[in-house]
Amino acid sequence: APPTRSGMTLNGDSRTIDFSSLYGKMGMVIVDGGHSYEVAKADTENALRLVRTGGIIVWDDYGEFWPGVKRAVDELIAPHRLMKFENEGIVLYVR
């Protein structure tokens, strides 16, 4: 995974990458992966573990057109305050 100027990019199947060394260290996590419920759920669970206090998570492809992503985000983030921009397909969470 090549580091970039603003952070780090990891390529691979997010359901099998070991993120544990990065838990609680990310200031921003962008979730823009697979659109099935199973992948979106795993990506959301990973994002919640990765983001630090004061950090943000941004989900792309949220809305009725992507029911798997919408279902996973709504189920896993329901107790949290989200900013939903459904016309743009984006959701924002500040930890």
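**Sheet, helix and ring contacts in a predicted model**

Student: Over the face of which residue does Arg71 lie?
Tutor: This is a predicted model, where local features need pLDDT of at least 70, side-chain atom pairs count only at pLDDT 80 or more, and totals for chains, interfaces and linings use all residues. Residues are numbered from 1 along each chain as its sequence is written, and side-chain values use heavy atoms, without hydrogens and water. A charge sits over a ring if NZ of Lys or CZ of Arg is within 6 Å of the ring centre and within 35 degrees of the ring normal. At 3.7 Å from the ring centre, Arg71 lies over the face of Tyr37.

Student: Which strands stand at the edges of the open sheet of four strands?
Tutor: Strands are DSSP runs (E, at least two residues) numbered from the N terminus, and two of them pair if DSSP finds at least two bridges between them. The order is β3-β4-β6-β5, with mixed pairing. One side of each edge strand is left without a neighbour in the sheet, because each has a single partner strand: these are β3 (26–31) and β5 (82–85).

Student: In β4, which residue is the bridge partner of Met26?
Tutor: β3 pairs with β4 (residues 51–60) in the parallel sense, over five bridges. In β4, the bridge partner of Met26 is Val51.

Student: Is Phe65 buried or exposed?
Tutor: Buried means under 20% relative accessible area, exposed over 50%, and partly exposed in between (1.4 Å probe, protein chains only). Trp66 has 24% and is partly exposed. With a relative accessible area of 69%, Phe65 is exposed.
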